[in-house]
2 protein chains.
Amino acid sequence: MSTRERPAAGRSHVPSVAANGADASHRTPPDRHGEILDAALELFATIGYRATTMAQIGDRLGIRGPSLYKHVASKQEMLVEIMAGMMTELLRRQRAALDAGGDVRERLERIVAVHVQYHAEHRYEAFVGHREIDSLEEPERSRILELRREYESNFRELVQEGRERDVFHTSSDRWSSYAILDMGIGVSAWYNPAGSVAPDELAATYADFALRMLT
Amino acid sequence: MSTRERPAAGRSHVPSVAANGADASHRTPPDRHGEILDAALELFATIGYRATTMAQIGDRLGIRGPSLYKHVASKQEMLVEIMAGMMTELLRRQRAALDAGGDVRERLERIVAVHVQYHAEHRYEAFVGHREIDSLEEPERSRILELRREYESNFRELVQEGRERDVFHTSSDRWSSYAILDMGIGVSAWYNPAGSVAPDELAATYADFALRMLT
DNA sequence: CCTACCGATCGGTAGG
DNA sequence: CCTACCGATCGGTAGG
């Protein structure tokens with residue numbers, strides 16, 4: 001259902017039987033690990049990490065709770081994998097948007113668009129990523145928070161650069177960057193992929209909102 | 001610690017011993033019910049409703065978990081009281097802001113300021129109010145969602161009115177009102193009351209952000 | 001991948 | 001307001 005970011009390491013679990021062809025009848029699917037994470041993600045997003053039971057995750061795949069332990073180490077490890085994958089991917093896209101260059105206005109437009117498009121296309125990852133940080137045990141929680149701080153800093157620094165160049169005007173780099181970040185995060189809570197709005201259209205609109213706010 | 005909204009009905013629990021004077025030594029404080037809700041609110045906000053145990057709430061008051069049941073009916077009822085009180089108060093303030101009249105620009109400025117100021121001053125109530133909706137059982141959950149829809153509609157309709165009067169310019173009443181709402185909601189997640197920023201200053205700044213976005 | 005089961009947690013009640 | 005306790009839930013393990 002959801003097209004979750006698969007961390008690079010994820011593929012090492014996959015048997016080399018890449019043939020995803022005809023009848024896979026009773027055999028274990030090639031990417032059971034990925035299927036389990038997808039099911040977990042959807043449940044974490046809709047009812048919350050704590051409320052989700054291993055039995056429910058198994059249900060989605062037609063197996064029992066204890067059977068999951070052949071493919072994942074624990075419930076907590078699944079959350080770690082989901083959240084680390086999410087934050088890493090988001091940061092990767094943000095860096096790409098910044099590296100593409102252009103003037104400060106163009107770069108801001110791009111990182112806002114990337115931010116919003118990700119929060120629409122991957123609303124479950126994004127929603128869980130922001131809501132379940134405190135469900136992570138240490139030291140993973142701190143590691144993720146560190147990535148998030150970097151992500152936020154990139155916004156703030158770009159706003160600052162624009163203000164110093166007299167392209168943007170704001171009474172506070174910090175508040176205006178928070179406002180822009182938060183309106184994008186909000187998208188992950190209400191976006192409906194079955195609706196008629198394409199993520200890139202929404203992203204362009206929000207980038208425009210952000211620019212208006214700053215100019 | 002937090003100055004929670006006390007629903008009108010809350011006072012009916014309070015003994016008429018209003019004398020909040022000298023030594024209350026071993027006696028039960030006059031507003032045990034309110035104290036319990038305050039402790040619960042702080043825990044719900046910081047570690048989540050599900051993660052909070054009755055024993056932890058009792059700890060904050062120096063009593064055991066089971067003793068709470070002399071003052072509250074259940075953990076769920078505490079959540080209901082907190083969330084209903086929060087949404088009712090927020091809506092009350094929004095209506096007052098709208099009823100104060102003025103042109104569409106002034107009214108928008110005012111409801112954004114009220115929105116943000118509430119989310120800063122009552123960040124715990126606001127945070128729990130948005131995060132724990134699905135922890136509510138029916139029919140309370142639907143009732144609260146109904147109030148929230150009305151709250152959101154008031155934003156959207158005001159944006160629409162401004163656009164029709166050619167005061168505001170936006171490609172979507174819905175998205176721009178969501179963006180404004182969400183940036184305010186975000187405040188409840190990061191606002192630090194111990195910091196040097198007063199809620200009304202933040203509110204005025206965000207009202208300005210919203211107006212810029214729309215004009 | 002399954003059943004049986006352990007150990008721990010927790011909301012709520014009984015009965016002072 | 002307390003201790004003792006019940007009943008249910010749940011993550012994870014044993015051992016096929």
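**View 1. The protein surface near DNA strand C, in a predicted model, is made up of residues of several classes.** Sorted by class, this surface holds 5 nonpolar, 7 polar and 4 charged residues. In total, 16 residues surround DNA strand C, and the closest of them are Arg32(A), Arg64(A), Ser67(A) and His71(A), together with Tyr69(B). Of the atoms of DNA strand C that come within 4 Å of the protein, 71% belong to sugar and phosphate.

**View 2. Backbone atoms of the protein lie beside phosphate oxygens of DNA strand C.** In chain A, a backbone N or O atom of Arg64(A) is placed 2.7 Å from a phosphate oxygen of this strand. In chain B, a polar backbone atom of Thr52(B) is found 3.0 Å from a phosphate oxygen of DNA strand C, and for Lys75(B) a backbone N or O atom is likewise 3.0 Å from a phosphate oxygen of that strand.

**View 3. DNA strand D is surrounded by 16 residues of the protein.** Those that come nearest are Tyr69(A), Arg32(B), Arg64(B), Ser67(B) and His71(B). Sugar and phosphate make up 71% of the atoms of DNA strand D that come within 4 Å of the protein, and the residues of the surface near this strand divide into 5 nonpolar, 7 polar and 4 charged. Which part of Tyr69(A) lies 2.7 Å from a phosphate oxygen of DNA strand D? It is a polar side-chain atom of Tyr69(A), whereas for Thr52(A) it is a polar backbone atom that is 3.0 Å from a phosphate oxygen of the strand. From chain B, Arg64(B) places a backbone N or O atom 2.7 Å from a phosphate oxygen of DNA strand D.

**View 4. Chain A and chain B meet at an interface that buries about 2400 Å² between them.** Carbon and sulfur atoms carry 60% of this buried area. Three residues, Trp175(A), Phe209(A) and Arg212(A), supply 28% of the area that chain A buries against chain B, which is more than any other three residues. Counted by contacts, 28 residues of chain A touch 28 residues of chain B. Because 100% of the interface residues of chain A are also interface residues in chain B, the copies meet through the same surface.

**View 5. A rotation brings chain A onto chain B.** In general, two copies of a chain are related by a rotation about an axis and a shift along it. Here the rotation is 180° and the shift along the axis is 0.0 Å, and the superposed chains A and B have an RMSD of 0.0 Å. This is the relation of a two-fold axis.

**View 6. Ala100(A) is located in the loop between α3 (75-99) and α4 (104-121) of chain A.** Is Ala100(A) buried or exposed? Its relative accessibility is 53%, and therefore Ala100(A) counts as exposed. Although Ala100(A) and Arg110(A) are 10 residues apart in sequence, their C-alpha atoms are 9.0 Å apart in space.

**View 7. Ala113(B) belongs to helix α4 of chain B, which covers residues 104-121.** With residues up to four places away in sequence left out of the count, Ala113(B) touches Ala203(B) and Ala207(B). Asp200(B) is 87 residues away from Ala113(B) along the chain, yet the C-alpha atoms of these two residues are separated by 7.5 Å.

Note on methods:
Residues numbered from 1 in each chain as written. Chains lettered and ligands numbered in written order. Predicted model: local features only at pLDDT ≥ 70, side-chain atom pairs only at ≥ 80, totals over all residues. Heavy atoms only, no water. Near = heavy atom within 4 Å. Polar contact = N/O pair within 3.5 Å; in protein donor to acceptor, adjacent residues only side chain to side chain. Nonpolar A, V, L, I, M, F, W, Y, C, P; charged D, E, K, R; others polar. Helix = DSSP H or I, 4+ residues; strand = E, 2+ residues; numbered from the N terminus. Buried < 20%, exposed > 50% of the residue type's maximum accessible area, 1.4 Å probe, protein only. Least-squares fit on C-alpha atoms with pLDDT ≥ 70 in both. Contact = heavy atoms within 4.5 Å. Buried area = accessible area lost by both parts, 1.4 Å probe.
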